[in-house]
Each structure stands twice: as structure tokens, then as C-alpha cells.
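Colleague: I should like to learn how to read some features of a structure that is new to me. May we begin once it is displayed?

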Amino acid sequence: MPVGREHIVIVGAGFAGFHAARGLGRLLKGAADITLINPTDYFLYLPLLPEVATGILDPRRVAVPLTTTCDGVRIQLGTADLIDIEARTVHVVDPEGNPDTVRYDRLVLAAGSVNKLLPIPGVAEYAHGFRSIAEALYLRDHMVRQLELADTADDAAERTARCTFVVVGAGYTGTEVAAAGELFTRQTARRRSGLRTQPIRWMLVDVAPRVLPELDPRLSRTAAHVLADRGVEVRMETTIEEATPEGVRLSDGEFVPTRTLIWCVGVRPDPLAETMGLPMTKGRLVVDEYLTVPGHPEISACGDAAAAPDLTRPGEVTAMTAQHAERQGTHVARNIAAAHGRGTRRPYKHHDLGFVVDLGGVKAAANPLGVPLSGIAAKAVTRGYHLFSLPRNRVRTASDWLLDALLSRQVVQLGLVRGHAVPLTSGTPDHPHAP
């Protein structure tokens, strides 16, 4: 790197880090050296993972290559596991286990989040998360495998257990997984002669009082209605107390025989920020309205890693959503560019534009700009929003949707990912910091 030029290091290429890197590359145009540290060479568009798991989208559609979308940015593959703010260095371990130390003049922490684990016996051993391409591919194979084994099972109890799927967490991800998964397994079972009369049972469990508790109640009611119409058992104010190889025990005492436990309880900030020894709140790094760490103007944080003050709701911090992460990443890029004389430094302020929830088939729930929608209208808004938000692969994604509407879906096991490769406790290729 040229001597004398500022070196900007961005840790993490999720929604926040990706848009920070992309923005800085465009705004600075070579005026500084920019390094993006990430375990994978792509930005993962998480909202479309359920469509990968149900065979609608090719996995490559949700994997946006960093090298072709972040011009002027050096991509360094590796996992950051320690940040020394006194030495201004980031300790990195590459995919082959080799350590490296990266020095920075300015740091952008955008490490994102990891699965939220609860101390429930058996969950770590028998549950699988849903936050990476590997986990989505594993779940797809697993669902198909359970139905195929159920088709040839002589024991009725075993057949019932294999045809029962339990999702824990009725937030955004869990609701979409349950809605799309029910459709996928029902359609798959129809192709197996031994399962045409076999009930396919899906259960959605959460301690919250309603589905999608963090969203508008109108979206919640729409989603709950669609789930009920499909026969998904929604158990609110309920949790699991134990997971075993044979099934799960619910807090109401019922034991549910199953071979499938999908963990969508939520996320917590990546613990990397804790290594910095700076003020934290609920696992997130404290930043000011400019997304800069107080007392350390060389450090910015955005997305799930940052407890950014919500200027639209005084006294609160911004929610851990992709909408905030994307805009905060872009905002950090603009503020850093302002330090190079390009633009003006401004505080971060963003009003929610609404949310979209894809419920599989032609069903969805959305409230763009506060206008509640359901059914086909919501589906059109949902897919339009995702196409607009995807940095690349828009034509290929739209083509996959069209082909899925016109042709019969291929249902086969690919065998690319085994369960031991995506344990809940050791994180995923995209989020390797889980304990």
C-alpha cells in the first residue's frame, strides 16, 4: 500500500459492511486504501434464504460477489477475532487457519450478529439455525430426506415423527421458514405414494403473545391467518424445555415427536466488539449520532454491532434490522468521505419505510409506507422490494421466480451439506463467532 495514504479497514460484509465498502469505494475513488475483512467472498442477501431452502432460488442468487460490486476495495478473506484499539490493529485468521494482523488508520466495525442461544437442554445438539447458505441447503436436504424415509417406514410412529417439523421463534425468519416450509413439504409429500394420506405437521413456537411481535399488528394478523389456513400449529406464549433425538418437550408439558428442530429464536450482536474494551449496551458498541465511537473518532460502527441513537425515537437505539444496517453502512461511508473533503458529515436519521414478509406461494404481508397489504398485492410489493434491494443477480432471480411459477419444482437431495457441518453452537461460514 502507498505510504502516507489512510488505510480504512471494514470488518464484516453483511448489510452494513457491504454498503459501507461499496459506498467508500465509489466516494473516495482511490483517495484511501480500503480493506474489507470477511470470512466469505460474497455478501449474503439473507431475506431470500427461505426460497433457497425450498428450491425456488439457486443459492448463487443470494450470494453477491464482493470483488465485482465493491470497486476500489481490497477483499481479505478471514475472520477477525480481536481488535486492539491501542495498536490500531485487527487480528485475522484466514480460512486455512493462518493468522494475520491488519493495521488501520480508520476502522469500521460491521461484524453483524450471530444466533441467539438459550440454555435449553439438547438444543445445541439437535437444533439447526437458519442464517447461512449452508444452513439453507442443509435444511432443504433434511426436509426431503425425512419425507423419503417416512415413505418407506413401516412404523407409524416413526413416520409421524419424520413428518413433523418444529420451528422455534415466530419472528421474521421463523414465520417465513414455517410458511414456506409447509408448502414445500406438502407438495413434496404428494409425489410419494406412501405419504399421500399422511398428515404433514408444522409447528411454530414462541414465548411472544403473537406472530411477528416486533412488527405492525396488522402484519401479524395477516401472517397468523395464512399460517392457520395452511394448518401450521402456532403455539404462542410457549417454548421448548428440552430437545432429544426423538423430539421436543414443550413448556405446556406436551412431548412432540420430531426429527426436525429449526432454531429461529433471533440474533445477538457478534461478540467481536467485546474485545475492544469500549462502552457497550446490550452487546452493541455505543456510538454517537454520527455512528462514531465517543473519544475514538477513528472508529465507526454500524448495523447490529452498533447501539446507534434513534433520532426518530429519542432515548431509544435503532433496531437490529437489515433496513437500518444498509442505511447505516451507506451513512458511515458518506461521513468518512466527508473527512476527505467529499461531502458533509451528518447525523444518522432514518424513518422506517415499512416491512415485507414473504409467506410462500402467492401469499405475503407488507406495509410499505404504512399502507397494510396482503395477498397478491403484498406479494408483488415484496418481490419488487427484494429485486430493488439486491445489488446483483436481479435478472437471474426474476427468471428463477418465473420458472418456478411455470414448471414443476425439482425435488432431490444434493448432499452438499451434512448436519455436522452446520452445528448451532459453532456458528456458520457467514457468522463464525458463535460460541
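Modeller: What follows takes a sheet, a hairpin, a helix and one residue in turn. This is a predicted model, in which local features need pLDDT of at least 70 and side-chain atom pairs count only at pLDDT 80 or more, while totals for chains, interfaces and linings use all residues. Residues are numbered from 1 along each chain as its sequence is written, and side-chain values use heavy atoms, with hydrogens and water left out.

Colleague: In what order do the strands E6, E7 and E8 lie in their open sheet?

Modeller: Strands (E, at least two residues) and helices (H or I, at least four) are DSSP runs numbered from the N terminus. Two strands pair if DSSP finds at least two bridges between them. Here the order is E6-E7-E8, with antiparallel pairing. Strand E6 (79–84) and strand E8 (99–103) each have a single partner strand, so one side of each lacks a neighbour in the sheet. Neighbouring strands are turned by 25° against each other on average, direction ignored; the axes are lines fitted to C-alpha atoms, and angles run from 0 to 180 degrees between N-to-C directions. E6 and E7 (residues 89–93) pair over 5 bridges, and aspartate 84 has threonine 89 as its bridge partner.

Colleague: How many residues form the hairpin link between E14 and E15?

Modeller: The link has 2 residues. Strands E14 (residues 240–244) and E15 (residues 247–250) run antiparallel and are joined by 4 bridges; threonine 244 stands opposite glycine 247.

Colleague: Which residues of helix H9 are buried?

Modeller: Buried means under 20% relative accessible area, exposed over 50%, and partly exposed in between (1.4 Å probe, protein chains only). In H9, the buried residues are Gly375, Ala378, Lys379, Thr382, His386 and Ser389. Seen down the helix axis, they fall within an arc of 105°, so they line one face of H9; the arc is that of the directions from the helix axis to the C-beta atoms. The face turned away carries the exposed residues Ile376, Ala380 and Phe388.

Colleague: What surrounds threonine 175, which lies in helix H6, and is threonine 175 buried or exposed?

Modeller: Threonine 175 counts as buried, because its relative accessibility is 0%. Contact means heavy atoms within 4.5 Å. Not counting residues up to four places away in sequence, threonine 175 touches several residues, including Leu204, Val211 and Leu359. A polar atom of its side chain lies 2.8 Å from the backbone oxygen of glycine 171.

Key: Polar contact = N/O pair within 3.5 Å; in protein donor to acceptor, adjacent residues only side chain to side chain.
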